[in-house]
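Subject: The two-chain model, handed over with notes

Hello,

Here is the structure I promised you, with my notes on what turned up in it. Please have a look at the model first and then read on.

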Amino acid sequence: MTASTRYTRHSFYVLTENSLTLVSVVLFSIILLLAIIGPTIAPYDPLTTNTASSLMPPSALHWFGTDQLGRDICSRVLVATRLDLVIAASAVSISFVIGSLLGAICGYYEGFLDWLIGRGIDVMMAFPLFVLAMALVAALGNTVVNIVYATAIINIPFYFRLARAEINVRRHSGYVEAARLSGNSNARIILTYLLPNALPTLVVQISINMGWAILNAAGLSFIGLGVRPPTAEWGIMVAQGAVLVIGGQWWVALFPGLALMIVVFCFNLLGDALRDIVDPRRRT
Amino acid sequence: MKPSRGWFAAKRIVSAVPLVFGVVAATFLLTRLLPGDPAAFFTNTPGAGAAEIAEVRHNLGLDRSLPEQFVIYLVNLAHGDLGQSLISGQSVAADLMERLPASLELTVIAFVLACAVGLPLGIFAALRPGSIIDHTCRIVSTAGVSTPVFVSGLLLIYVFYYLLGWAPDPVGRLDPYLNAPPHLTGLLIVDGLLAGDLNSTLSSVKQLILPSATMALFALAPLARMMRGSMIAVLGSEFIRTARALGLPRRKIIMTYALRNALLPVITTLGMVFSYMLGANVLVEKVFAWPGIGAYALNALISLDYAPVQGFILLMACLYVVLNLMVDLIYSFIDPRVGLAE
């Protein structure tokens, strides 16, 4: 059996072993596809206003109805997929890179630096995370880029702690000693011997964090930080629909809210599935 | 000294002190980063010259070095001075204290609700894995963590206010046509009961139902999930098998042996649940126009009034540190093994 067929077989086994895994992978592919082609398949322009047809309930013409300015909600929800995913993905990548590198260095060298950074992380974790994100956006300035930074910063502790623990327990293991004796530098040992071993745990964390990051970013824009109207973004769209819910116009807030729910749900499922694969003992 | 529970508790309390200091320092640094020049803001006279601004800056201590400013900040803090709010014109400390009861009432009730529903759900799901209740538990907990509070809040408003008409206007803490009971604790339910004013108590309970349910829905998910996981792990352990083999009644095995052990890991996750809840508080207060500290800080943030934001962040962080401390202390008193293993 060649390596590639073995790989395909194993992936197939992993996907079909738990039906929820398959569902989450399919859902994830669809979401990714929509993020890429969303703007091209959107039936209307997401920014074109048409006051003549404002606040129309869902119909054959406008599947998700229209908002106060007559914009097609379906198109806006579709177009927003890309922005929401990009915000979350960039935030998570930043925190993954910084958090795991810092964690690896601290776990490997220990000493004063480890103590200092460790206490800094403790202080960060002493803040309720969403409140810290609010404060960071307020301090850095009210822009989309700063939403990304704020979301990245509040997620760094998770990667830091995971990477630190994983590297710390392995740093005296046989293969690391062997690598050191054969003349590898410390940096090389961390990057090519230790971090790859910590990667499975970190990848699970990435998937769980994506859902979190999306909720966090949408929460920030819901309270009026970061994304500015008329940009199509799920959090701000829910905020625009919030005032209408009392009057019974549910569709303006519901559809972007539903999109948020589905995407976060998908990432959570994916995270659970990956965790089952990486660590079957923690299956619940 | 012989390790004991008292020793553990004392050590844990002492370990919170540097954390509080770190929180204060971080808040101070964050607020130095905040845009806007307070000196320019305080010089109210239009067309104030550079000299006047410099004078105000000197009076506010803003021309000193950062460490000096930090010391001044600490001294002010020790006097309970969090600065002045530009919008309300009152001191931030007074503003926060006035609004804190509203947030506490909401958060505490939501937490009790979440525990009352989440824990039994997790326990029953663990007792019968694969049953309907287990699936309900899984669906509720997955939906709970996946739904943003501002969406679930709006859905509840739509269903219970607009469609069914069961809930009152989802705005504020009290029916606008009622007078608030005399201010004692600031918790309207308690104040209403103390004053014997059943109307306002009833009204405030009604106003609380939807926002606290929204928050509970979010907090319930991790609780139910942890409870189920830890209960399953405990039920599969040796001592439960022994208890079963000895023929102890099922009720006793579950309630006395399994539950007490299974609750311990749940208590340690409470810290995370509180972090969720304090954050969700801001969003829920915004959705339900709840006059708490979250809504206050948001208003201030949007009008670029930074002293209240600063005070709010500090208050939230201190609350969270204290809550975590309490969780650890409760844990050390529930688990007889704490302090003995060292």
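First, a definition for the helix pairs below: an axis is a line fitted to C-alpha atoms, for helices over the stretch in contact, and angles run from 0 to 180 degrees between N-to-C directions. Please keep in mind that this is a predicted model.

**Confidence**

For the complex, the predictor reports an ipTM of 0.81 and a pTM of 0.84. Chain B has a mean pLDDT of 81, with 90% of its residues at 70 or more. Within chain B, the element with the highest mean pLDDT (89) is helix α5 (residues 92-127), while helix α2 (residues 38-42) has the lowest (59).

**The two chains**

Chain A contains 10 helices and 0 strands. Its C-alpha atoms fill a box of roughly 75 × 55 × 30 Å along the principal axes. Chain A has 284 residues, of which 47% count as buried. If you take the contacts in chain A between residues at least 6 apart in sequence, 68% of them join residues at least 24 apart.

Chain B has 13 helices and, again, 0 strands. The C-alpha trace of chain B spans about 85 × 60 × 40 Å along its principal axes, and 38% of its 342 residues count as buried. Among contacts in chain B with a separation of 6 or more, 70% come from residues 24 or more positions apart.

**Where the chains meet**

How many residues of chain B are in contact with chain A? There are 41 of them, and they touch 36 residues of chain A. On the chain B side, at least two residues each come from α1 (5-33), α6, α7 (149-163), α9 (198-235), α11, α12 (293-302) and α13 (306-334). By type, the chain B side divides into 31 nonpolar, 7 polar and 3 charged residues.

One helix pair across the two chains is worth opening in your viewer. Helix α5 (residues 129-140) of chain A packs with helix α11 (residues 250-287) of chain B at an angle of about 50 degrees, and their axes are 6 Å apart. At that angle α5(A) is oblique to α11(B). From α5(A), the contact uses Leu129(A), Phe130(A), Val131(A) and Met134(A), and from α11(B) it uses Ser275(B), Leu278(B), Gly279(B) and Val282(B). These residues comprise 6 nonpolar, 2 polar and no charged.

**α11 and α12 of chain B**

Helix α11(B) also packs inside its own chain: the axes of α11(B) and α12(B) come within 8 Å and cross at roughly 80 degrees. Angles of 65 to 115 degrees count as roughly perpendicular, so α11(B) is roughly perpendicular to α12(B). Here α11(B) brings Asn281(B), Val282(B), Glu285(B) and Lys286(B), and α12(B) brings Gly294(B), Ala295(B) and Leu298(B). This contact divides into 3 nonpolar, 2 polar and 2 charged residues. Val282(B) is thus named in the contact with α5(A) and in the contact with α12(B).

Gly294(B), found in helix α12 of chain B, is a good residue to zoom in on. Is Gly294(B) buried or exposed? Gly294(B) counts as buried because it has 29 C-beta neighbours inside 10 Å, where the cut-off is 20 or more. Apart from neighbours within four places in sequence, Gly294(B) is in contact with Ser103(B), Asn281(B), Val282(B) and Glu285(B). Ala280(B) lies 14 residues from Gly294(B) in sequence, and the C-alpha to C-alpha distance between the two is 9.3 Å.

**Two more helices of chain B**

Helix α6 (residues 132-146) of chain B has 15 residues and reaches 21 Å from its first C-alpha to its last, close to the 21 Å expected at 1.5 Å a residue. The buried residues in α6(B) are Cys137(B), Ser141(B), Gly144(B), Val145(B) and Ser146(B).

Helix α10 (residues 238-245) of chain B offers another picture: 0 of its 8 residues are buried, so α10(B) lies largely in the open. After α10(B) comes Gly247(B), with a positive phi near 80 degrees.

Happy browsing, and best wishes.

Key:
Residues are numbered from 1 along each chain as its sequence is written. Chains are lettered from A and ligands numbered from 1 in the order in which they are written. This is a predicted model: local features need pLDDT of at least 70, side-chain atom pairs count only at pLDDT 80 or more; totals for chains, interfaces and linings use all residues. Helices (H or I, at least four residues) and strands (E, at least two) are DSSP runs, numbered from the N terminus. A residue is buried if 20 or more other C-beta atoms lie within 10 Å of its own, exposed if 12 or fewer, and partly exposed in between; C-beta atoms are placed from the backbone. Two residues are in contact if their C-beta atoms, placed from the backbone, lie within 7 Å. The expected span of a helix is 1.5 Å times one less than its number of residues. Angles under 35 degrees count as roughly parallel, over 145 as roughly antiparallel, 65 to 115 as roughly perpendicular and the rest as oblique. Ala, Val, Leu, Ile, Met, Phe, Trp, Tyr, Cys and Pro count as nonpolar, Asp, Glu, Lys and Arg as charged, and the others, Gly among them, as polar. pLDDT is the predictor's confidence in each residue, from 0 to 100.
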